[in-house]
Amino acid sequence: PLFFHPPNGGWRSKIEAAIFKGLGVRPGVPDLIVLEQNETHAGLFVELKWGKNRMTQAQIWWQEELVKRGYRHECIYSFDDFRKLIDEYLSDV
């Protein structure tokens, strides 16, 4: 499948942050993007979390906008759940 991880997240100096912002990096973009259409969705976006972490307001905004446009968005807390999601999503490709 065609997928990637955008260069969001991580600590950046002010100069690096300004450069990345100028290149189009935006807060809240999901961690993994699967560019495979299946029977019900135009693609899959996955936000990866662990422990007690929750989605930020920027991440929730992206989730809502992506779902409106026909994409699937999931927030996942474990590798097993991620594997199940990918297996299920790609079974309809």
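What follows is a dialogue on how to read the nonpolar core and the salt bridges of this predicted model.

User: Where should I begin with the nonpolar side chains, and which residues make up the largest nonpolar core?

Analyst: As a general idea, nonpolar side chains in soluble globular proteins tend to be buried together. In this structure the largest nonpolar core has nine residues, namely Leu32, Val34, Leu44, Val46, Ile76, Phe82, Leu85, Ile86 and Tyr89. At least two residues of this core come from each of strand S2 (32–34), strand S3 (44–48) and helix H3 (79–90), and the largest share, four residues, is supplied by H3.

User: Which residues does Leu44 touch, leaving out those up to four places away in sequence?

Analyst: With those neighbours left out, Leu44 touches Leu32, Ile33, Val34, Arg72, Leu85, Ile86 and Tyr89. Arg72 will come up again when we turn to charged pairs, where its side chain meets that of Glu88.

User: How many salt bridges does the structure hold?

Analyst: The structure holds six salt bridges, and a careful reading of any one of them asks where its two partners lie and whether they are buried or exposed. Take the salt bridge between Glu88 and Arg72, with N to O at 2.7 Å. Because Glu88 lies in helix H3 and Arg72 in strand S4 (residues 72–76), this pair ties together parts that are 16 residues apart in sequence. Glu88 is partly exposed, at a relative accessible area of 36%, whereas Arg72 counts as buried, at 17% relative accessibility.

User: What separates Lys68 and Glu65 along helix H2?

Analyst: Lys68 and Glu65 are three residues apart in helix H2 (residues 57–68), so about one helical turn separates them. They form a salt bridge whose closest N and O atoms are 3.0 Å apart. Lys68 is exposed, with a relative accessible area of 64%, while Glu65 is buried, with a relative accessible area of 15%.

User: Which residues are linked with Glu65 and Lys68 in a network of salt bridges?

Analyst: A pair may belong to a wider set of links, and here Arg69 joins Glu65 and Lys68 in a network of salt bridges.

User: Are Lys49 and Glu47 buried or exposed?

Analyst: Charged residues deserve the same check of accessibility as any others, and the cut-off for buried is under 20% relative accessible area. Lys49 is buried, at a relative accessible area of 14%, and Glu47 is buried too, at 2%. These residues form a salt bridge with each other, in which the closest N and O atoms are 3.7 Å apart.

Key. Residues are numbered from 1 along each chain as its sequence is written. This is a predicted model: local features need pLDDT of at least 70, side-chain atom pairs count only at pLDDT 80 or more; totals for chains, interfaces and linings use all residues. Side-chain values use heavy atoms; hydrogens and water are left out. A nonpolar core is a set of buried Ala, Val, Leu, Ile, Met, Phe, Trp, Tyr and Cys residues joined through side-chain atoms within 4.5 Å. Buried means under 20% relative accessible area, exposed over 50%, partly exposed in between (1.4 Å probe, protein chains only). Contact means heavy atoms within 4.5 Å. A salt bridge is a side-chain nitrogen of Lys or Arg within 4 Å of a carboxyl oxygen of Asp or Glu.
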